[in-house]
Every structure is written in C-alpha cells, then in structure tokens.
Amino acid sequence: MNRTQLEHVIQAAAAIVRCDIVVVGSQAVLGQFPNAPSAMLRSMEADMYPREEPQRAIEIDGAIGEFSQFHETYGYYAHGLGPETPHAPAGWEGRMLSIEVPSLVKGDGPITAWFLEIHDLALAKLAAGREKDLDFVFEALRAGLLDVDNLRHGLPLMPDDDRKQTGDRLETVLRRTAAVGGS
C-alpha cells in the first residue's frame, strides 16, 4: 500500500464513521514518511479505528475490510480494530502525528488522520515479534528512519509483559542490521 492508497482507505473509513481515523499498523509509517521504502509497505491492509468512537471499528471492517467489495475493487482494505491492539510504549497516543486528508463526502471539511509515531510503531512491532514485524523494524533501521537511542529509551515504557522480549528482539534486529552494514 502506498500513501495515496492509504489516504483513500482513510477517506472511505471516515465516510462510514464520520470522525477522525487513527492508523496503528505498519501503514502508519506513511503518515510520517510518505515515501517509506517499498520493503516496509508490503501489507495491503491498514489497521485503523475511529478516534472518537473506537467501538465503531467493526463498521469499518464490515464495509471496507478484507473480502469486501472495496477490497475486491481496489486490492487494499481496512482492518478495523481498537486502541488496545498495539502493544506500544505508554503515552503513545500523545505522540501520534496527524495529517489532513480531503473528505470523500461533498461539503465536509478535511479528515484528520492520526498515526503511530515511528519509534512507537517499531517497538509495537518488536513486541508482536512476528517475522514480518522484525523485518519491518530491520528495514526501518536500514533506511535510517529510526534512532536507536529513542528505541532504547522507549523500552521502559513498554507494558511489563512485553518489555524483556521487546528489548531482546531489538538487540537481535540491531545485530542483523549491523551485519549487513545498516544504521
């Protein structure tokens, strides 16, 4: 998914729920880095929820989610979820970045889309620990999108259950990055 496609999904989601949208999955990188490396943009889904009414994420999932007409038409889709989904460092909601996206609904003002900040996103990916998540962090490090000190400073803010594994996975990814000559 690229930035234009992500903006389209945000527009469609906002047309359904009529409020700001928060993007928390891997595509959140596009909020801060619209031209992020293609290796970080493999997913064709955007994880999101309505900021003011997160419980309405199910409406997004039903209307423009996987296997919907929207997905079949465009080849990408939204995955509605809640703010409890990312295992991100404490305070992540206060560090989100925002952009304005024009509305699909004639006469409506722009939509504010909120994005997980790249370091919070990377730590959430490390907490998830799937191979694709580790690859995402590896690629972000190689591209110079992450500051290692910021990542390490975020570790104490991780939920207790995730802190040690997240730190161990960070060190593994840093070793892998150093081995191939990355940041």
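The following conversation walks through a predicted model, one helix, loop and core residue at a time.

Student: Where should I begin, and at what angle do helix H5 and helix H8 pack?
Tutor: Let's begin with that pair, H5 at residues 118-128 and H8 at residues 160-179. Two packed helices are described by the angle between their axes and the distance between the axes. Here the axes of H5 and H8 are 8 Å apart, and the angle is about 105°.

Student: Is H5 then roughly parallel or roughly perpendicular to H8?
Tutor: Angles from 65 to 115 degrees count as roughly perpendicular. The angle of H5 with H8 is about 105°, so the two helices are roughly perpendicular.

Student: Which residues of H8 make the contact with H5?
Tutor: On the H5 side, the contact uses Leu123, Leu126, Ala127 and Ala128. Taking both helices together, the contact residues divide into six nonpolar, one polar and two charged. The H8 side supplies Asp162, Thr166, Arg169, Leu170 and Val173.

Student: How far apart are the end C-alpha atoms of H8?
Tutor: H8 has 20 residues, which at 1.5 Å a residue should span 28 Å. The distance in the model agrees with that expectation, at 30 Å.

Student: Which helices do the buried residues of H8 pack against?
Tutor: Let's list the buried residues first: Asp162, Thr166, Gly167, Leu170, Val173, Leu174 and Thr177. One partner is H5, the helix we have just met. The full set of partners is H5, H6 and H7.

Student: How far does helix H6 reach from its first C-alpha to its last?
Tutor: H6 covers residues 131-142, twelve residues in total. At 1.5 Å a residue, 16 Å is expected. The model comes close to that, with a reach of 16 Å.

Student: Which helices do the buried residues of H6 pack against?
Tutor: The buried residues of H6 are Asp133, Leu134, Phe136, Val137, Phe138, Glu139, Ala140 and Leu141. They pack against H2 (29-32), H5, H7 (148-154) and H8.

Student: What is the phi of Gly144, the residue that follows H6?
Tutor: Gly144 comes after H6, and its phi is positive. The value is near 75°.

Student: Which residues have the most contacts inside the largest nonpolar core?
Tutor: In soluble globular proteins, nonpolar side chains tend to be buried together. The largest nonpolar core here has 61 residues. Those with the most contacts inside it are Val9, Ile10, Ile21, Val29 and Met48.

Student: Let's look at Val29: is it buried or exposed?
Tutor: Val29 sits in helix H2. Leaving aside neighbours within four places in sequence, its contacts are Ala36, Met40, Leu41, Ile118, Leu121, Phe136 and Leu145. Buried means under 20% relative accessible area. Val29 has a relative accessible area of 2%, so it is buried.

Student: What is the phi of Arg18?
Tutor: Most residues other than glycine have a negative phi. Arg18, in the loop between helix H1 (3-17) and strand S1 (21-23), has a positive one. Its phi is near 55°.

Student: And Phe67, with its phi near 70°: is it buried or exposed?
Tutor: Phe67 lies in the loop between helix H3 (57-64) and helix H4 (69-74). Exposed means over 50% relative accessible area. Phe67 has 65%, so it is exposed.

Student: Which residues does Pro54 touch?
Tutor: Pro54 is in the loop between strand S2 (45-50) and H3. At 23% relative accessibility, Pro54 counts as partly exposed. Not counting residues up to four places away in sequence, it touches Tyr49, Leu81 and Pro83.

Student: What separates the C-alpha atoms of Asn2 and Leu41 in space?
Tutor: Asn2 is in the segment before H1 and is partly exposed, with a relative accessible area of 35%. Along the chain, Asn2 and Leu41 are 39 residues apart. In space, their C-alpha atoms are separated by 6.9 Å.

Student: Last one: which residues is Glu117 in contact with?
Tutor: Glu117 lies in the loop between strand S5 (111-115) and H5. At 14% relative accessibility, Glu117 counts as buried. Leaving aside neighbours within four places in sequence, its contacts are Gln32, Arg95 and Leu97.

How values were computed:
Residues are numbered from 1 along each chain as its sequence is written. This is a predicted model: local features need pLDDT of at least 70, side-chain atom pairs count only at pLDDT 80 or more; totals for chains, interfaces and linings use all residues. Side-chain values use heavy atoms; hydrogens and water are left out. Axes are lines fitted to C-alpha atoms, for helices over the stretch in contact, and angles run from 0 to 180 degrees between N-to-C directions. Helices (H or I, at least four residues) and strands (E, at least two) are DSSP runs, numbered from the N terminus. Angles under 35 degrees count as roughly parallel, over 145 as roughly antiparallel, 65 to 115 as roughly perpendicular and the rest as oblique. Contact means heavy atoms within 4.5 Å. Ala, Val, Leu, Ile, Met, Phe, Trp, Tyr, Cys and Pro count as nonpolar, Asp, Glu, Lys and Arg as charged, and the others, Gly among them, as polar. The expected span of a helix is 1.5 Å times one less than its number of residues. Buried means under 20% relative accessible area, exposed over 50%, partly exposed in between (1.4 Å probe, protein chains only). A nonpolar core is a set of buried Ala, Val, Leu, Ile, Met, Phe, Trp, Tyr and Cys residues joined through side-chain atoms within 4.5 Å.
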